[in-house]
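Me: Could you take a close look at one strand for me, and walk me through what surrounds it? I'd like one connected answer rather than a list.

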Amino acid sequence: MTLTLRWTSRVLLVDGDDRLLLLCGRDPRRPGARWWFTVGGGVEEGESYLQAAVREVWEETALSLPVGRLGPVVWTRQAIFSVDGRVFDQYEEYRLARVTAEEVRAMNVQTEEARYGHRWWSAAELATTAETVRPKGMASLPPDALSAVGLERTPVHLGNFNEDTDPE
């Protein structure tokens, strides 16, 4: 199989109760294969990571979020994975954006990527779920990312992973 290089901008959308919005996807070629993941997606040609983040938030939640509302990059990650018969080598940048209760009520999550559901997860729920969540080990990731808005710090590189072969 051909390895497709992909660059993505991901957004940790966090509500006033410190819950994280995750979308649910499935692999149509692997029955039962389902996972929860953050809002965000591929950086298109000519786009910056910030522009991609804003566009992806809009496409996946109908929330118009100005670039200034996005925090700095808190995590980076490299992941190899397969979905729908294709294999990707994906670089990911994660930024935080806090949303108000009003914005949460105004969201409309009805995208192809989230056709299997979406929900707001607390840290405790992430730590105890038997569901597959990406990035792997999200519940054990540095909790200071939730308070990183406005902080200038070096992003944490979560590592390089093969989602298809690495243990959970």
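**Strand 5 and its surroundings**

Reply: Strand 5 pairs with strand 1 in the parallel sense, over 12 bridges. Keep in mind that this is a predicted model. Along that pairing, L13 has A97 in strand 5 as its bridge partner.

Then there's strand 4, which runs antiparallel to strand 5 and is joined to it by 10 bridges. Here S82 has V87 of strand 5 as its bridge partner. So how many residues sit between strand 4 and strand 5 in their hairpin? There are 2 residues between them, and D84 is in the turn.

D84 deserves a pause if you care about backbone torsions: its phi is positive, about 55°, although D84 is not a glycine. In sequence terms, D84 belongs to the loop between strand 4 (73-83) and strand 5 (86-98). Is D84 buried, exposed or partly exposed? Its relative accessible area is 37%, so D84 counts as partly exposed, falling between the 20% and 50% cut-offs.

Strand 5 itself is another story. Of its 13 residues, 10 are buried, so strand 5 is largely enclosed by the rest of the structure. As background for reading any strand, side chains in a regular strand alternate between the two faces of the sheet.

Back to strand 1 for a moment, since the loop that follows has a positive phi too. D18 lies in the loop between strand 1 (3-14) and strand 2 (20-26). Its phi is about 60°, and D18 is not a glycine either. D18 has a relative accessible area of 37%, so it is partly exposed as well.

While you have the model open, a few other spots are worth a click. The aromatic pairs come to 4. In one of them, W36 and W121 have ring centres 5.3 Å apart and planes at 70°, so the pair is edge-to-face, the angle being over 60 degrees. W36 is in strand 3 (residues 34-42) and W121 in strand 6 (residues 118-121), so this contact ties together parts that are 85 residues apart in sequence. Both W36 and W121 are buried. W121 has a charged neighbour too: R119 lies over its face, 3.8 Å from the ring centre.

One last backbone detail: the peptide bond from R134 to P135 is cis, with omega near 5°. You'll find P135 in the loop between helix 3 (123-128) and strand 7 (156-162).

How values were computed:
Residues numbered from 1 in each chain as written. Predicted model: local features only at pLDDT ≥ 70, side-chain atom pairs only at ≥ 80, totals over all residues. Heavy atoms only, no water. Helix = DSSP H or I, 4+ residues; strand = E, 2+ residues; numbered from the N terminus. Buried < 20%, exposed > 50% of the residue type's maximum accessible area, 1.4 Å probe, protein only. Phe/Tyr/Trp six-rings, centres within 6.5 Å; stacked < 30°, edge-to-face > 60°. Lys NZ or Arg CZ within 6 Å of the ring centre and 35° of its normal. Pairing = 2+ DSSP bridges.
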